[in-house]
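Me: Hi! Could you walk me through this one? I'll put it up here.
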Amino acid sequence: MAHGHDTSHGSTVVMDSWFRHTHSERPQEEHGSHVNPLQLGVFFALLTISVVATIIVVSMYYSSHMTTVRMRKMETTLPAGPWLEMREAAETRFDQAAALQNAANAVVERYSSR
């Protein structure tokens, strides 16, 4: 549109020898002009599989790590320590009582047969 506007905005592009081609040079094919859908599909499938595999491996590691942490910190018998000591003391008393009862039965049996 030639309305008399300056579209160069005051910039001048200097072309060096990289951009200048002679007529004797072969024309170069455009880079990336032909797309291979099979290669793109294979790349996408491999990328998707690797991302899914990474997510699975990370979640398995996290689950294993959290199980270990729970075992160490939360699933312990430390809060039950006083109750376990009381149970052991009661079992000891019951064992002593059972031994006394056995001795008493033996004495009664010994003297009752006379």
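Me: Let's begin with Phe-43: buried or exposed?
Reply: Phe-43 counts as exposed, because its relative accessibility is 55% and the cut-off for exposed is over 50%. Do keep in mind that this is a predicted model.
Me: Thanks! Where does Phe-43 lie?
Reply: Phe-43 is part of helix α1, which covers residues 37-73.
Me: And which residues make the nonpolar surface patch?
Reply: That patch is made by Phe-43 together with Leu-47, Val-51 and Ile-55, and its area is about 400 Å².
Me: Switching to charges, which residues form the negative patch?
Reply: Glu-85, Glu-88, Glu-91 and Asp-95 form a negative patch on the surface.
Me: Which helix is Glu-91 found in?
Reply: Glu-91 sits in helix α2, residues 81-112.
Me: Why does Glu-91 count as partly exposed?
Reply: Its relative accessible area is 42%, and partly exposed means between the 20% and 50% cut-offs.
Me: Now the whole chain. How many helices and strands are there?
Reply: There are 2 helices and 0 strands.
Me: What share of the residues is buried?
Reply: Just 1% of the 114 residues count as buried.
Me: And how much area does the chain expose?
Reply: About 11,600 Å², with carbon and sulfur atoms supplying 63% of that area.

Note on methods: Residues numbered from 1 in each chain as written. Predicted model: local features only at pLDDT ≥ 70, side-chain atom pairs only at ≥ 80, totals over all residues. Heavy atoms only, no water. Patch = residues over 30% accessible without salt bridge, like charges linked within 9 Å, V, L, I, M, F, W, Y side chains within 5 Å. Areas by Shrake-Rupley, 256 points an atom, 1.4 Å probe, with all protein chains shown as cover. Salt bridge = Lys/Arg side-chain N within 4 Å of Asp/Glu carboxyl O. Helix = DSSP H or I, 4+ residues; strand = E, 2+ residues; numbered from the N terminus. Buried < 20%, exposed > 50% of the residue type's maximum accessible area, 1.4 Å probe, protein only. Lys, Arg positive; Asp, Glu negative; His and termini not counted. Charge placed at Lys NZ, Arg CZ, Asp CG, Glu CD.
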